[in-house]
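Open the model in your viewer and show it as a cartoon. The stops below go through one sheet and the helices on it.

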Amino acid sequence: MSVTLTEIRSAAHRIANAAIRTPLVKLPLKGEVYAKTENLQKTGSFKYRGAYNFLASLNPDERRLGVVAHSSGNHAQAVALAAKSFGVPATLVIPEGAPEIKIRKTIEHGAKVLRCKNSRADRTRVAKEVVEATGQVLIPPFEHPWVIAGQGTVGIEIVEDLPEVSNVIVCVGGGGLIAGISTAVKSICPEAKVIGVEPELAGDAAQSFETGSPVEWPAEDVTRTIADGVRTQRVGDLNFSIIQDHVDGFVTVTEEEILQATRWYALEAHVMVEPTGALALAGYRMLLREIYPNLTLNPGPTVLLISGGNIEPKLMAKIIQS
């Protein structure tokens, strides 16, 4: 099983009247460096694309019962709003370590929220129990062709708006975003490089890429990172197979590098991003230092994916003032 450019184009048509076509913004950096501003997407992150595409792909009888999802926050908000737009109920299972702003927004979109422990096992167990009790459909956070295709619409927009793109740098959690983007970008611009970025404290996908098979990190390890959107313990199997085919390499960054990138966006680019959304910039800075001898940037325009902008005001103030 895989995801094709044709399926991503179909997803783009499906979500065209629902999702926002977010702009590419040239950043005040040396050279041609752009941000793909998914922080401006509905619900403040790229996740709305995959959630809406999934719901739109269900048949009416399946959709009528409602949907279930588990998420640390951005997928939860996206599913809640997408379900609301279709007029169907949604139940979201959210771990205890998720930011309160994301939980609050999910509830404001009309979803029922259930809390659970931080581990992947607890999230999936509680969601499965809801599915069995209600008959509602589970929308996975990253490992499903409809979700990946929805996220891949970001890649189509990038190459349509910047046909000469040479590098696309993407944050990685479960791998749905980079799987979709890399499929779209490599299908249209095969010479462009697609590079993933993770925190050092949650580098399971980078390790998986290096070893050649998915590895799982303990929940207590990945929850240490401030980048809550990528506290995923393991990349999805389908996602990983796509990553192996289309992604050129991975970079890992420290917590301080994530904070510096978040602060730079706020103070220099006047863009509000959550720490996860700053990962691509932190990774780009690492690549400029040329400490990865087998992974270099192509000359030419580079796009940094801003995955989302859902950050607690108090945390943003602390990051800016530090």
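Begin with strands E3 and E6, which pair in the parallel sense over 2 bridges. This is a predicted model. Select Val-68 and look across to E6, where Leu-138 stands opposite.

Next, select helix H4, residues 74-86. H4 packs on the sheet and touches E3 and E4, with its direction at about 170 degrees to that of E4. Add helix H6, residues 120-134, which also packs on the sheet. H6 touches E3, E4, E5 and E6, and its direction makes about 170 degrees with that of E3.

Now color the sheet by strand. It is open, has 4 strands in parallel pairing, and reads E5-E4-E3-E6 in order. E5 and E6 (137-138) are the edge strands, each pairing on one side only.

Move to E4, residues 90-95. On the E3 side, E4 pairs in parallel over 4 bridges, and Thr-91 is the bridge partner of Val-68. E4 and E5 (residues 112-116) also run parallel, joined by 5 bridges. There the partner of Thr-91 is Lys-112.

Follow the chain from E4 through helix H5 (residues 100-108) to E5: this β-α-β crossover is right-handed. The unit made by E3, H4 and E4 is right-handed as well.

Last, show the side chains of E4. In a regular strand, side chains alternate between the two faces of the sheet. Which residues of E4 lie on each side? Ala-90, Leu-92 and Ile-94 are on one, Thr-91, Val-93 and Pro-95 on the other, and all are buried.

Notes. Residues are numbered from 1 along each chain as its sequence is written. This is a predicted model: local features need pLDDT of at least 70, side-chain atom pairs count only at pLDDT 80 or more; totals for chains, interfaces and linings use all residues. Side-chain values use heavy atoms; hydrogens and water are left out. Buried means under 20% relative accessible area, exposed over 50%, partly exposed in between (1.4 Å probe, protein chains only). Two strands pair if DSSP finds at least two bridges between them. A crossover is right-handed if, with the strands pointing away from the viewer, the path from the first strand over the helix to the second runs clockwise. Contact means heavy atoms within 4.5 Å. Axes are lines fitted to C-alpha atoms, for helices over the stretch in contact, and angles run from 0 to 180 degrees between N-to-C directions.
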